[in-house]
Amino acid sequence: MIPPKTHAALDAASAALLLAAPTALGWPSRVSRPLSALGLGVAAYSVLTRYDGGRAPVSLSEHRMLDAAQGALAIGLALRERDPVIRRTVAGYGLFSLAAAALTAPKGAPGLSVEGAALPIRNGDLVEVAEDVAYMRLAIVNVAFIGKAGAADRGWLLVDTGISGSGDAIRAAAARRFGSARPAAIILTHGHFDHVGALRDLAEHWDCPIHAHPEERPFLDGSRRYPPASPEVGGGMMANLSPLFPRGPLDVADRLRDLPQGGELPAVPEWQWIHTPGHSPGHISLWHAGRCALIAGDALSATRQESCYFAATQRPELHGPPAYFTPDWAAAEASARRLADLRPEILVAGHGPALAGAEFKAALARLAENFSSVAMPKHGRYVEGAFHDQSS
Ligand SMILES: [Zn+2]
Ligand SMILES: [Zn+2]
């Protein structure tokens, strides 16, 4: 990461170069004019930037995107230029800008290596992790099935519904495991877009209710959007892209039911739900005390979800909740501790492969113990005590 003062100095030098150099070098107006415009642009957004990480008027993450955009514009200009010297110089400037934009991206929370703890999984495979739990990866997110294979009609539960377009894959997996038996309900760990993609489709197909925590209701009955994403948390391209992710509101009020207050769940009496807020206010996890099996939704992640590379390859790493969508880190830490105190033997998180074994158990204890250094990003609108900004 480039220190703020160096970054500001580089921006000032870029603006000055773009404005003065083309004229000083006697370059024709076809290049000097667009480069001057670019220089004015850099000067303008740099003046408006809070390099110390503040938000208004231009945040550092918006600034990074502008740095990258003007670098890309310079490269575009170079590609259309016939003079080889001008071409090379302008392209060099553009590449330098892109590299600087990449270098200024913050690192994100380190997480913990759990390479040996992951159960192998391929996209679309239904994997049984215990007699009455199976899960399936759908591109970047998991869904889970609670109930023994061959369970009776209304005798099993679906947990979350993947990204939009996942309906057919989930129906096919359910048919393999339960035949024509329908679920008693769809349980939502929370209502983020990557967990509710096929929700309406499946609830209607099976004519079943949707159960969620009462504090998640506003995001599921059409009354509220989730708070804005925080791309400043860093960690990779998913974080950069997060302002583009849908934040609702979704409206499934006609089928939505509050979870029973005592922690019990329909159809599977050995399982209970646990309130694990932080990533979202009504986030829940699911727990089987006899098997020490935990379905944690996004209260924990088994891969570095802020990174496109990790999200695509599902490389195992134990993390806290996906950082760009987590508005309350104090609550997220308390939830991670609560889950670690259960001492689970098996974890199915919302993202990443299922984890089990001694390496996983040690990593979860360490994550809960050192949450702020292992799982929390250093930067972000919700990190520096700014828990109040919940507006959309
Ligand atoms: Zn989420
Ligand atoms: Zn998620």
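This is a walk through the predicted model of one protein, from its overall layout down to single residues.

Let's start with the whole chain. The protein has 392 residues, and 48% of them count as buried. Its C-alpha trace covers about 80 × 40 × 40 Å along the principal axes. In terms of secondary structure, you will find 11 helices and 14 strands. The domain assignment splits the protein into domain 1, residues 4-103, and domain 2, residues 112-374. If you place a point at the C-alpha centre of each of these domains, domain 1 and domain 2 turn out to lie 42 Å apart. Contacts reach across the sequence as well: counting contacts with a separation of 6 or more, 69% are between residues 24 or more positions apart.

Now turn to a pair of helices, α2 (residues 29-47) and α3 (residues 60-79). Their axes come within 11 Å and cross at roughly 175 degrees. Since an angle over 145 degrees counts as roughly antiparallel, α2 is roughly antiparallel to α3. On the α2 side, the residues that make the contact are Val31, Pro34, Leu38, Gly41, Val42 and Tyr45, and they meet His63, Leu66, Gln70, Leu73, Ala74 and Leu77 of α3. Sorted by class, this contact of α2 with α3 holds 9 nonpolar and 3 polar residues, with no charged ones.

Next comes an open sheet of 7 strands. Reading across it, the order is β2-β3-β4-β5-β6-β7-β8, and the pairing is mixed. The edges are formed by β2 (126-130) and β8, each of which pairs on one side only. On average, neighbouring strands in this sheet are turned by 30 degrees against each other, direction ignored. Helix α6 (residues 199-206) packs on the sheet, where it touches β5, β6 (185-187) and β7, and the direction of α6 makes about 160 degrees with that of β6.

Within this sheet, β4 (residues 141-146) is a good strand to look at in detail. Is it buried or exposed? Of its 6 residues, 6 are buried. The cover extends to both faces of β4, with Val141, Val143 and Phe145 buried on one side and Asn142, Ala144 and Ile146 buried on the other. On one pairing of β4, strand β3 (residues 133-138) runs antiparallel to it over 6 bridges, and Val133 stands opposite Ile146. The hairpin that joins β3 and β4 has 2 residues between the strands, and Ala139 in this hairpin takes a positive phi near 60 degrees. β4 also pairs with strand β5 (residues 157-159), again in the antiparallel sense, over 3 bridges. There, Ala144 has Val159 as its bridge partner.

Moving along the sheet to β8, the pairing sense is parallel: 3 bridges join strand β7 (residues 210-212) to β8. Ile210 stands opposite Leu256 in this pairing. A backbone detail can be found just before β8 in the sequence, in the loop between α7 (237-241) and β8 (256-258), which holds Pro249. The peptide bond from Gly248 to Pro249 is cis, with omega near 0 degrees.

A second open sheet has 5 strands, in the order β9-β10-β11-β13-β14, and its pairing is mixed too. Here the edge strands are β9 (271-275) and β14 (355-356), each pairing on one side only. β13 and β14 run antiparallel and are joined by 2 bridges, with Ile346 standing opposite Ala356 of β14.

Two loops beside the strands of this second sheet are worth a visit for their backbone angles. In the loop between β10 (284-288) and β11 (293-297) sits Cys292, whose phi is near 55 degrees, a positive value in a residue other than glycine. Cys292 counts as partly exposed because it has 16 C-beta neighbours inside 10 Å. Arg343 lies in the loop between α9 (329-341) and β13 (346-349). Although not a glycine, Arg343 has a positive phi of about 55 degrees. How many other C-beta atoms lie within 10 Å of Arg343? There are 11, so Arg343 counts as exposed.

Methods:
Residues numbered from 1 in each chain as written. Chains lettered and ligands numbered in written order. Predicted model: local features only at pLDDT ≥ 70, side-chain atom pairs only at ≥ 80, totals over all residues. Domains from an automatic or database assignment. Helix = DSSP H or I, 4+ residues; strand = E, 2+ residues; numbered from the N terminus. Buried ≥ 20, exposed ≤ 12 C-beta atoms within 10 Å, placed from the backbone. Pairing = 2+ DSSP bridges. Axes fitted to C-alpha atoms, helices over the stretch in contact; angles between N-to-C directions. Parallel < 35°, antiparallel > 145°, perpendicular 65-115°, else oblique. Contact = placed C-beta atoms within 7 Å. Nonpolar A, V, L, I, M, F, W, Y, C, P; charged D, E, K, R; others polar.
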